[in-house]
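Please look through the structure shown below, taking one helix as the starting point and following the chain onward from there. The paragraphs after it go from that helix to its surroundings and then to its packing partners.

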Amino acid sequence: MSSQPGGEHEFDDFKGDLEDAERRVAREIEPGARALAISVFVFVLLVTLVLPHTGGARGLDVLVGSDAAIENGIALPSRVFTWLALVFGVVFSMLALVTRRWALAWIALAGSTVSSFLGLLAVWSRQTAPEPHPGPAIGLVLAWLAVILLAYNWARVVLTRSALQMATEEHRRRLAAERQHKGLLDGYGDEDDGPAKT
């Protein structure tokens, strides 16, 4: 009675491996063709660091607060936007694409969304700057548009799971519920029935 067939133990081990694989797949994203679009917008964000954001101040000047940024009256919204666009739009987007981790994709989405609103504030603050200071330049406007498009694409990737992932999670939940309701005698009766049929 205590000796069970070796095949059943092996199947239980195999079933555990399958469940681990299902959990791993559920934590991953599959961006598909959107990966190319996200990569292009990340590249555009990197290019905007060398383009002028306002007057003679480039994106890198805004990041480090150089003399050119001070002369052009760079305000806090522009600096915060540029840093958030770099951290979430570039770093977390690339990490999410390389590792395909669900959590990193969510962080990239949240950060890009916040950056989009701060980009609006940054452009508006440059448009309403006092007279001697210049308005927004091509770098700032391109960075803002790139972050908006990144947030849109990450939202599409994060919120649309594949049918396989949804079916896998549903199957795993159903198996866990069946195992929870299965009693000790249910498993004992199945073992006794096995040899009798052969």
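Which residue takes a positive phi just after α5? In this predicted model, the residue is R100, whose phi is about 60°, and the helix that precedes R100 is a convenient place to begin.

Helix α5 covers residues 76-99, and its 24 residues reach 33 Å from the first C-alpha to the last, which is close to the 34 Å expected at 1.5 Å a residue. The helix nevertheless contains a kink of about 25°, and this kink is centred on F92.

Along α5, the buried residues are S78, F81, T82, L84, A85, F88, G89, V90, S93, A96 and L97. The elements that cover these buried residues include the helices α2 (34-48), α3 (59-64), α6 (102-127) and α7 (138-159), together with the strand β1 (52-54).

Of these covering elements, α6 may be taken up next. The axes of α5 and α6 lie 8 Å apart, and the two helices pack at an angle of about 155°; angles over 145 degrees count as roughly antiparallel, and α5 and α6 are therefore roughly antiparallel to each other. The crossing in which α5 passes α6 is left-handed.

From α6 the path leads on to α7, with which α6 packs at an angle of about 150°, the axes of this pair being 8 Å apart. That angle makes α6 roughly antiparallel to α7, and the crossing of α6 and α7 is left-handed.

Notes
Residues are numbered from 1 along each chain as its sequence is written. This is a predicted model: local features need pLDDT of at least 70, side-chain atom pairs count only at pLDDT 80 or more; totals for chains, interfaces and linings use all residues. Side-chain values use heavy atoms; hydrogens and water are left out. Helices (H or I, at least four residues) and strands (E, at least two) are DSSP runs, numbered from the N terminus. The expected span of a helix is 1.5 Å times one less than its number of residues. The bend at a residue is the angle between axes fitted to the seven residues ending there and the seven starting there. Buried means under 20% relative accessible area, exposed over 50%, partly exposed in between (1.4 Å probe, protein chains only). Contact means heavy atoms within 4.5 Å. Axes are lines fitted to C-alpha atoms, for helices over the stretch in contact, and angles run from 0 to 180 degrees between N-to-C directions. Angles under 35 degrees count as roughly parallel, over 145 as roughly antiparallel, 65 to 115 as roughly perpendicular and the rest as oblique. A crossing is left-handed if the near helix is turned anticlockwise from the far one by less than a right angle, and right-handed if clockwise.
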